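Here's a quick tour of one structure, starting at the ligand and working inwards. Keep the viewer open as you read.

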Amino acid sequence: MTSLESSPHAVPGGAGPAKQIPPAAVARLTIYLRALTALLAEGVDRVSSESLAEASGVSPSTLRKDLSHVGSYGTRGVGYDVQYLNRHIAAALGLTHDWKVAIVGAGNLGRALARYGGFESRGFEVVAIFDADQMVVGSEVGWLRVSDAANLEPVLQRTGANMAVLALPAAVAQDVCDRVIAAGVRSILSFAPVVLQVPPGVNLRKVDMATELQILAYHAQRAQDPAGTD
Ligand SMILES: NC(=O)c1ccc[n+]([C@@H]2O[C@H](COP(=O)([O-])OP(=O)(O)OC[C@H]3O[C@@H](n4cnc5c(N)ncnc54)[C@H](O)[C@@H]3O)[C@@H](O)[C@H]2O)c1
């Protein structure tokens, strides 16, 4: 099984084997990208490592170390060229590709994700949404119409989807995951509360808000009772 959690990110391009970026740095690079995109929108041309680090909630030394993975160094006293760095990080993260996202499961979560307008501006186009419930198939979600999950394979191929989001009940997630992979999709984000198996060459990421809340609860409890006297 492979996943982005366990395998470092490969920087595309260049001669020889792709350079690997540690997973934690990949996660922070997406944060720098968001900060740089905001600066671009404000018309800012240059940014110091201190300002970019502050806007991203990291220390300047972490920022400089992370940026060294994408081979990009600022000029002392001049800072970083915002547009250049934005493009450079996007390329290293593979975000200059055309990512076409299919959402499987048009329930509460799938519909909310399909309606969210923020993906497009970050390079992700939602091209299809599926459901197995015939009461839901054919209904409108934003500008999309819900496709029948029975037609998963042909619709994935027709729309050119190369990423899938699973917003399904746990019981059906593995079966749908296998079908999505058999249809040629290699990048999967799952919200289903179940461990999924994928073959080598497929990147799987899992979002688990309940786990994140439990971690937050643990830290909140520690902050209230640092000595652990409960
Ligand atoms: N990870 C998280 O943070 C998080 C947060 C919320 C929900 N979830 C999980 O996400 C999933 C979706 O949540 P929800 O609230 O949208 O549930 P929901 O019941 O509203 O929607 C699930 C949808 O999947 C459809 N479905 C069932 N089998 C299918 C199949 N084989 N093919 C296609 N569609 C199928 C159902 O008809 C339904 O419309 C659940 O597993 C839930 O536990 C995860």
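Helices and strands here are DSSP runs, numbered from the N terminus, with at least four residues for a helix and at least two for a strand. With that in hand, and bearing in mind that this is a predicted model, let's look at the ligand shell. At least two shell residues come from each of α5, β6 and α7 (170–182). The shell around the ligand holds 25 residues, and the ones that come nearest are G105, G107, L109, A149 and M209. By character, 18 shell residues are nonpolar, four are polar and three are charged.

Next, the annotation. An unreviewed UniProt entry lists G105, A106, G107, N108, L109 and G110 under "binding site". Two of these listed residues, A106 and N108, are worth a closer look. A106 sits in the loop that links β5 (99–104) to α5 (108–115), while N108 belongs to helix α5.

Is each of them buried or exposed? The cut-offs are 20 or more other C-beta atoms within 10 Å for buried, and 12 or fewer for exposed. The table gives the counts, with V126 from strand β6 (residues 124–131) added.

| Residue | Other C-beta atoms within 10 Å | Class |
|---|---|---|
| A106 | 25 | buried |
| N108 | 9 | exposed |
| V126 | 24 | buried |

So A106 counts as buried because 25 other C-beta atoms lie within 10 Å, whereas N108, with 9, is exposed.

Who does A106 touch? Setting aside neighbours within four places in sequence, A106 is in contact with R111, I129, F130, D131, V136, V141 and V146. For V126, on the same basis, the contacts are V101, I103, A114, F119 and L144. V126 also pairs up with W99 for a distance check: they are 27 residues apart in sequence, with 8.6 Å from C-alpha to C-alpha.

Now for the nonpolar packing. The largest nonpolar core has 30 residues, and A102, I103, V104, F130, A164 and L166 touch the most other members. Its contributors, with at least two residues each, are β5, α5, β6, α6 (152–159), β10 (163–166) and α7. Apart from that, there is a second, separate core of 18 residues, with A35, L52, L63 and A90 among them.

Which residues does A102 contact, beyond its neighbours within four places in sequence? They are V127, A128, F130, L156, T159, A161 and A164. F130 turns up in the contacts of A106 too.

Technical notes:
Residues numbered from 1 in each chain as written. Predicted model: local features only at pLDDT ≥ 70, side-chain atom pairs only at ≥ 80, totals over all residues. UniProt positions renumbered as here; feature names shortened; annotations may be inferred. Contact = placed C-beta atoms within 7 Å. Near = placed C-beta within 6 Å. Nonpolar A, V, L, I, M, F, W, Y, C, P; charged D, E, K, R; others polar. Core = buried A, V, L, I, M, F, W, Y, C linked by C-beta atoms within 7 Å.
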